[in-house]
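Please work through the exercises below with the sequence and the structure open side by side. Each task is followed by a solution that proceeds step by step.

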Amino acid sequence: MTTLLSILMPVFNEEDTVAAAVQRLLAVDFGVGVEIEVVVVDDGSTDRSHAILEQLRDTNPERVILLTHEQNRGKGAAIRSAIARASGEFAVVQDSDLEYDPTDLPRLIRPLIEGRADAVFGSRFLNSGERRVLYFWNSLANHFLTTVCNIFADMNLTDVETGYKAFRLSLVKSIPLRSDRFGIEPELAIKLAQRGAAVYEVPVSYHGRTYIEGKKIGAKDAFIALAVILKYGLRRDIYHDDGERILDTLARTPRFNQWMADTVAPYAGPRILELGAGIGNLSAFLSRSRQTYFATDINAAHLERLRVRFQNRPNVSISHCDLSVPEDFAPFEGQVDTVVCLNVLEHVEDDVNGLRNIGRALRVGGTAVVLVPQDESIYGTLDTVLGHCRRYSEDSLRQCLREAGFDVKAILRFNRITRPGWYLNGRILRRRRFSVIQLWFFDRLVWLWRKIDRHLPWRSLSIIAIAEKPGRQEL
């Protein structure tokens, strides 16, 4: 199987080095099964850089892609253009000034290839090979910015300003990047941390240039980088889509997720198939002490994140599975004793067919645990953003399960406490996002909600069906 690595190269007035940089990249031996494409962005160069790049592209049309900015927009803008055009599974930023040695790249991308990392930074300050000794004040500024970035990102990087950043391309494509200049470096680090990415560092060599030799980053960029750290460290701007933003906000409610997991865990057996696992917020709780746990999703970026997150959990298996596609259930047919389907069924147009697919995966006597949103009367903007086709009543959920061939053993009423807030935000205020502050306080009081929830006088926000696959019917 071949892996494509996209090398992203921003270029601005580098006529002396850019040809050698591209040629050295093309000469690197990345090992068996790794192919490369070099996506070069000429960021408004006024020297001979563009003509040189055109010649390189014409000489290597299968491996060199040339994009052009009519005016200089900055390194961050050039990297964004390259990311949008790149088509590899992984990508790495390679400056065109030869300060970084392309022969380090195979070592840099190894944690990605081996499935251990979502991103890898090449550190100039880890013990490694050689490093040119240059400016003290630049180094001091770098250490300061790295420390501040680590505080906001809760990481322990040694070199946030490194020009060598490799990453899973699908992950970074799903992150909005805003910085036009060198602020792209800390912005990317912070947003990867906020997305829960597994970030590794490896040592790299560094052959820095002097300002006389053409070094472009200066004191102004250090202040801009600090402003970027403060801006993105104090907010979460890590998804393009409103629905994904809502799911991200909910993912930061671990006490609520534990409550949900505790509610369904008594009905789960040793072999579980979870549909719509996302990035594994519930899987982390439900997979403990299970013989086998299949965590599935339809989002490629989520699946890669799951593989990294659970790489050291031998009982957890990750795979693609679409509730609406019968063929996706063939590998699981009759193999599991529990299917956990939480907040998924409402996204499927033909929900009865989806439930029949669940039945295919279950052994006779197996249990389907299905959580759905309740009450069509509170359907609002939040449901629309999340892609809900419907909300259910207890009767309609029972009817769907019976049509699919299940025996309904129980209907659990879950989470009354948030129904008024859902109605207020989704129907009255017509909001498209949750308030982070509201959820922060809500999550820290889950211990109280768990005690009083069943005593509240209104309907619950969600209902959970516990249904059995009968031995007397074919599903």
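The exercises that follow treat sheets, helix packing and burial in turn.

The model is a predicted one, in which local features need pLDDT of at least 70 and side-chain atom pairs count only at pLDDT 80 or more, while totals for chains, interfaces and linings use all residues. Residues are numbered from 1 along each chain as its sequence is written, and side-chain values use heavy atoms, with hydrogens and water left out.

**Exercise 1.** Determine the strand order of the open sheet that contains β1, and identify its edge strands.

*Solution.* Helices (H or I, at least four residues) and strands (E, at least two) are taken as DSSP runs, numbered from the N terminus, and two strands pair if DSSP finds at least two bridges between them. On this basis seven strands form an open sheet with mixed pairing, in the order β3-β2-β1-β4-β6-β5-β7. The edges are β3 (64–69) and β7 (199–203), each of which pairs on one side only. From one strand to the next the twist averages 20°, where axes are lines fitted to C-alpha atoms, for helices over the stretch in contact, and angles run from 0 to 180 degrees between N-to-C directions.

**Exercise 2.** Describe how β6 is paired with β4 and with β5, and state which residues of β6 are buried.

*Solution.* Begin with β4 (residues 90–93), which pairs with β6 in the antiparallel sense over three bridges; here A91 stands opposite F167. Next, β5 and β6 also pair in the antiparallel sense over three bridges, with K165 of β6 as the bridge partner of F121. Finally, consider burial, where buried means under 20% relative accessible area, exposed over 50% and partly exposed in between (1.4 Å probe, protein chains only). Both faces of β6 (residues 165–168) are covered, since K165 and F167 on one side are buried, as are A166 and R168 on the other.

**Exercise 3.** What is the geometry of the packing between α1 and α2?

*Solution.* Two packed helices are described by the angle between their axes and the distance between the axes. For α1 (residues 18–27) and α2, the angle is about 25° and the axes are 9 Å apart. The pair therefore counts as roughly parallel, because angles under 35 degrees count as roughly parallel, over 145 as roughly antiparallel, 65 to 115 as roughly perpendicular and the rest as oblique. With contact defined as heavy atoms within 4.5 Å, V18, A19, V22 and Q23 in α1 meet I52, L53 and L56 in α2. Helix α2 (residues 49–59) also lies across β1 (3–11), β2 (34–43) and β3, running at about 155° to β3.

**Exercise 4.** Is K75 buried or exposed, and which residues does it contact?

*Solution.* K75 is found in helix α3 (residues 75–85). At 12% relative accessibility, K75 counts as buried. Once its neighbours within four places in sequence are left aside, K75 is in contact with P10, D43, V93, D95, G163, D180, R181, F182 and E185.

**Exercise 5.** Establish the order of the sheet that contains β8, and locate the helices α12 and α15 upon it.

*Solution.* This open sheet of seven strands has mixed pairing and the order β10-β9-β8-β11-β12-β14-β13. Its edge strands, each pairing on one side only, are β10 (316–320) and β13 (407–414), and the twist averages 15° from one strand to the next. Within the sheet, β8 (residues 271–275) and β11 (residues 336–342) pair in the parallel sense over four bridges, and T338 in β11 is the bridge partner of I272. Helix α12 (residues 300–309) packs on the sheet by touching β9 (292–297) and β10, and its direction makes about 165° with that of β10. Helix α15 (residues 394–403) touches β12 (362–373), β13 and β14 (462–468), and its direction makes about 150° with that of β13.

**Exercise 6.** Which residues of the largest nonpolar core touch the most other members, and which helix gives the most to this core?

*Solution.* A nonpolar core is a set of buried Ala, Val, Leu, Ile, Met, Phe, Trp, Tyr and Cys residues joined through side-chain atoms within 4.5 Å. The largest one has 41 residues, of which L342 and I464 touch the most other members. Helix α10 (residues 254–264) gives the most to this core, with five residues. Beyond its neighbours within four places in sequence, I464 is in contact with residues including T263, V264, V369 and F414.
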